[in-house]
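This report introduces a protein chain to a reader who has not met it before. The sequence and the structure are shown first.

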Amino acid sequence: MVLITLIGEAQARSGNRFYYMGPQAECKECKLKTVCFNLEAGRQYEITGVRDAVHDCALNEDKVRVVEVEKKPILSTIPKKSAMEGSVITFTQSECERLGCEYWAYCHPIGIKDGDKLKVEYVMDDVNCPVGNEIILSKLL
């Protein structure tokens, strides 16, 4: 299924990526808001196609263009026992507070929160966790 949304003309290029941060107050009365609000807040998307349709936008100074987008997987660590490609997991963020750890960003990924249901798209590498957690780097969708 193709996802459609609107994005500023200057950013409307195939291959460009963006994070959808959620609905804006200025959009409340817009007749096209359902086209913009159909994405998941906090998730990254890649533009896979640019359509010819152009619209006015109260939020952007210029026009917005209709684009096709694809949700991008999130790189995250998950418990080894959950690391089976194709399985659906309930995400629980690591309680580790070692900010200097090279894996910290993977253990605390942007765009997902505790309780989110995610599909394990691809299992990557074992992580040598400095506090001994048995975790593996994975792509989640």
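The sections below describe the overall make-up of the chain, its surface and charges, its cysteines and one phenylalanine.

## Overall architecture

The structure is a predicted model. Its protein chain contains two helices and eight strands. Read from the N terminus, these elements follow the order β-β-α-β-β-β-β-α-β-β.

Along the principal axes, the C-alpha atoms of the protein chain occupy a box of roughly 55 × 30 × 25 Å. When contacts with a sequence separation of 6 or more are considered, 65% of them join residues 24 or more positions apart.

## Burial, surface and charge

The protein chain has 141 residues, and 35% of them are buried. The area that the chain exposes is about 9000 Å², of which carbon and sulfur atoms supply 50%.

Charged groups of both signs are present: the protein chain carries 18 positive and 21 negative charges. The mean position of the positive charges lies 4 Å from that of the negative charges.

## Cysteines without disulfides

How many disulfides does a search of the whole structure find? The search finds zero. Cysteine 27 accordingly takes part in no disulfide, and the nearest cysteine sulfur, which belongs to cysteine 57, is 6.0 Å away. A disulfide would require the two sulfur atoms to be within 2.5 Å. Cysteine 27 counts as buried because its relative accessibility is 13%, and the cut-off for burial is under 20%.

A second case is cysteine 96. The closest cysteine sulfur to that of cysteine 96 is in cysteine 101, and the distance of 6.1 Å is too far for a bond. Cysteine 96 has a relative accessibility of 18%, so this residue also counts as buried.

## The surroundings of phenylalanine 91

Phenylalanine 91 is located in the loop that runs between β6 (88–90) and α2 (104–107). Is this loop residue buried or exposed? Phenylalanine 91 counts as buried because its relative accessibility is 2%.

Which residues does phenylalanine 91 touch, leaving aside those up to four places away in sequence? Its contacts include Ser76 and Thr77, which come before phenylalanine 91 in the numbering, and Pro109, Ile112, Lys113, Asp114, Gly115 and Asp116, which come after. Leu118 and Leu140 are also among the residues touched. With respect to isoleucine 74, phenylalanine 91 is 17 residues away in sequence, and the C-alpha atoms of the two residues are 12 Å apart in space.

Terms used. Residues numbered from 1 in each chain as written. Predicted model: local features only at pLDDT ≥ 70, side-chain atom pairs only at ≥ 80, totals over all residues. Heavy atoms only, no water. Buried < 20%, exposed > 50% of the residue type's maximum accessible area, 1.4 Å probe, protein only. Helix = DSSP H or I, 4+ residues; strand = E, 2+ residues; numbered from the N terminus. Contact = heavy atoms within 4.5 Å. Areas by Shrake-Rupley, 256 points an atom, 1.4 Å probe, with all protein chains shown as cover. Lys, Arg positive; Asp, Glu negative; His and termini not counted. Charge placed at Lys NZ, Arg CZ, Asp CG, Glu CD.
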